[in-house]
Amino acid sequence: MKLVRPSAQYKASFTEAAREIEAEGLGGFLKASYDENDFQKYCDTVNNLAHGIGLAAGNVSETIFWMVDDSDNFIGNVSIRHSLTDHLFIFGGHIGYIIAPRSRGRGYGTLILMLSLPEASALGLDKVLVTCDNTNTASARIIEKNGGIFENEMYSETRKVWKRRYWIDLRQR
Ligand SMILES: CC(C)(COP(=O)(O)OP(=O)(O)OC[C@H]1O[C@@H](n2cnc3c(N)ncnc32)[C@H](O)[C@@H]1OP(=O)(O)O)[C@@H](O)C(=O)NCCC(=O)NCCS
């Protein structure tokens, strides 16, 4: 299992997973709409976010990785924001991840966050904020198993949800 940058070589398994992710209403994790007939364009769009190109208003640069298995099948998506906005400070944190529905419950959520931490260090971050809905027990477990130190719960006015907020110190890893 490894993290890779989005690339058209993973198109088949990505698009299968993306359809399932969109069906559960979580397409926002995929950052942009994709066109199967011009998949390279989608890869370019999400890769460009790392360079601050094509960001939605108010968004900061973010590096997207895909986790793929040993046969290069897409397993999940992780996004590392390079800095925090007021909104990310409460709602999204530095790192957001999603595992393809068919691949859940096998430890991959824990693994994708673990693999993303050295990448966050490489981006110059000393510590990262990772948040989850206070009802998302799986994500809370993932963060805690990766050394997340619980700070508090904060209410997101925009999303009308309580978020559990954790910090992971990257200098101690
Ligand atoms: C949350 C998510 C990433 C978990 O992925 P996953 O691959 O199933 O996670 P893991 O297999 O590593 O499981 C992590 C822990 O959660 C537990 N868990 C998994 N699914 C669970 C569920 N539905 N309810 C309660 N606990 C659950 C596991 O038992 C494990 O805990 P353990 O190590 O103590 O046994 C996945 O469900 C997902 O992509 N959800 C939609 C997007 C999302 O919520 N992203 C997180 C945003 S903060």
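In the predicted model, the lining of the largest pocket draws at least two residues from each of β3 (74-81), α3 (86-92), β4, α4, β5 and α5. This lining comprises 48 residues. Those that lie nearest the centre of the pocket are Phe29, Arg81, Gly96, Tyr97 and Ile98. The volume of the pocket is about 1300 Å³. Sorted by class, its lining contains 19 nonpolar, 19 polar and 10 charged residues.

The largest pocket is also the space that the ligand takes. Two or more residues of the shell around the ligand come from each of β4 (95-99), α4 (108-122), β5 (127-133) and α5 (137-145). These four elements also each supply at least two residues of the pocket lining. Among the contributors to the shell, α5 gives the most, with 6 residues.

In total, the ligand is surrounded by 21 residues. The closest of them are Gly105, Gly107, Thr110, Arg141 and Lys145. The composition of this shell by class is 9 nonpolar, 8 polar and 4 charged residues.

Individual polar contacts to oxygen atoms of the ligand involve both backbone and side-chain atoms of the protein. At isoleucine 99, a polar backbone atom is placed 2.9 Å from a ligand oxygen. Threonine 110, one of the closest residues of the shell, contributes through its side chain, a polar atom of which lies 2.7 Å from an oxygen atom of the ligand. Asparagine 136 likewise engages through its side chain, where an N or O atom is 2.9 Å from an oxygen atom of the ligand. Considered on its own, the ligand has 940 Å² of accessible area, of which the protein covers 67%.

Taken together, the model places the ligand in the largest pocket, with a shell of 21 residues to which α5 is the leading contributor, and with polar contacts that include those from isoleucine 99, threonine 110 and asparagine 136.

Methods:
Residues are numbered from 1 along each chain as its sequence is written. This is a predicted model: local features need pLDDT of at least 70, side-chain atom pairs count only at pLDDT 80 or more; totals for chains, interfaces and linings use all residues. Side-chain values use heavy atoms; hydrogens and water are left out. A residue is near a molecule or strand if one of its heavy atoms lies within 4 Å of it. A polar contact is a pair of N or O atoms within 3.5 Å; within protein, one must be able to donate a hydrogen and the other to accept it, and residues adjacent in sequence count only if both atoms are side-chain atoms. Accessible areas come from the Shrake-Rupley method with a 1.4 Å probe; for residues, only the protein chains shown count as cover. On a 1 Å grid over the protein atoms alone, a cavity is a set of points where a 1.4 Å probe fits but cannot get out, and a pocket is an open set with protein on both sides within 12 Å along at least five of seven lines; lining residues have an atom within 4 Å of a point. A molecule sits in a cavity or pocket if more than half of its atoms lie within 2 Å of its grid points. Ala, Val, Leu, Ile, Met, Phe, Trp, Tyr, Cys and Pro count as nonpolar, Asp, Glu, Lys and Arg as charged, and the others, Gly among them, as polar. Grid points are joined across faces, edges and corners, and a volume is the space filled by probe spheres set on the points.
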